[in-house]
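Work through the exercises below with the model open. Each task is followed by a solution in steps.

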Amino acid sequence: ILDYVARLKDDPTVRWAACLDADGIVKIHSNPKLIGALFQAQGEADRIPVLVGQKQAGSALVAYDEAVLDRAVKARLRATVEQLAWVTGTTLLLAIMIALALAWSLLRPISRLVQAVRAIAAGEWTAQTVPIERKDELGYLAREVDAMARSLAILDELKDNFISNVSHDLRNPMAAIKMHADYILNDDEDK
């Protein structure tokens, strides 16, 4: 206990500390001159009863220097606020970096998709997106754009074949009509 009182005496926030017996006689005090005397209240102090079994054997008292304690609390609070500001700033910076990385990782596939869609719109049916090995919505969209480009290429080929066949089918009767008309016209000149 004496060692504890000595440590309390070295604490700048503690004004004094004492242990009293059940009769109020000072048994231990941070000021050795008061040991053995009847305790006289020296301002406000925290009083803790000392029990032996169910019976109070005495009291332990500690009085704090409110000004020093207030300065210590304010200094600790200031240090805590500084740490909180540092942690908040670091977290914010890290969040911004993660957001930029995420935006960049989304922007590249989207720009590839935009280029492919523009090429398809210009009639380049073979334009395909750069292979996107993603399993998310962007990967799904890229696969669907590629499928659309393949479907458009097939439709364009079918259109070309249709026009070629119709042109061919129309040329044969037209050629026959022209030949027949030439024959009739040439036949009239011979008469």
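**Exercise 1.** Determine whether Lys159 is buried, partly exposed or exposed, and find its salt-bridge partner.

Solution. Step 1: the classes are buried for under 20% relative accessible area, exposed for over 50% and partly exposed in between, with a 1.4 Å probe and protein chains only. Step 2: Lys159 has a relative accessible area of 41%, so it is partly exposed. Step 3: a salt bridge requires a side-chain nitrogen of Lys or Arg within 4 Å of a carboxyl oxygen of Asp or Glu. Lys159 meets this with Asp160, where the closest N and O atoms are 3.6 Å apart. Step 4: Asp160 is partly exposed as well, because its relative accessible area is 40%.

The model is predicted: local features need pLDDT of at least 70 and side-chain atom pairs count only at pLDDT 80 or more, while totals for chains, interfaces and linings use all residues. Residues are numbered from 1 along each chain as its sequence is written, and side-chain values use heavy atoms, with hydrogens and water left out.

**Exercise 2.** State how many salt bridges the structure holds, and place the pairs of Asp70 and Asp182 in their helices.

Solution. Step 1: side chains of opposite charge can pair when their charged atoms come close. Step 2: the count is five salt bridges. Step 3: helices are DSSP runs of H or I with at least four residues, strands are runs of E with at least two, and both are numbered from the N terminus. Step 4: Asp70 meets Lys74 at 3.4 Å, N to O. Both lie in helix H2 (residues 66-121), and because they are four residues apart, about one helical turn separates them. Asp70 is partly exposed at 39% relative accessibility. Step 5: Asp182 meets Lys178 at 3.9 Å, N to O. This pair sits in helix H3 (residues 137-190), again four residues apart and therefore separated by about one helical turn. Asp182 is partly exposed at 35%, whereas Lys178 is exposed at 54%. Step 6: shared partners join Asp156, Lys159 and Asp160 into one network of salt bridges.

**Exercise 3.** Give the strand order of the sheet and identify its edges.

Solution. Step 1: two strands pair if DSSP finds at least two bridges between them. Step 2: the four strands form an open sheet in the order S2-S1-S4-S3, paired antiparallel. Step 3: strands S2 (26-29) and S3 (46-52) each have a single partner strand, so they stand at the edges and one side of each has no neighbour in the sheet. Step 4: strand S1 (residues 14-21) is joined to S2 by three bridges, with Ala18 opposite His29 in S2.

**Exercise 4.** Classify the aromatic pair found in the whole structure.

Solution. Step 1: rings of Phe, Tyr and Trp (its six-membered ring) pair if their centres lie within 6.5 Å; planes under 30 degrees apart are stacked, over 60 edge-to-face and the rest tilted. Step 2: the search finds one pair. Its rings belong to Trp16 and Phe39, with centres 5.8 Å apart and planes at 50°, so the pair is tilted. Step 3: Trp16 is in strand S1 and Phe39 in the loop between S2 and S3, 23 residues apart. Step 4: Trp16 and Phe39 are both buried.
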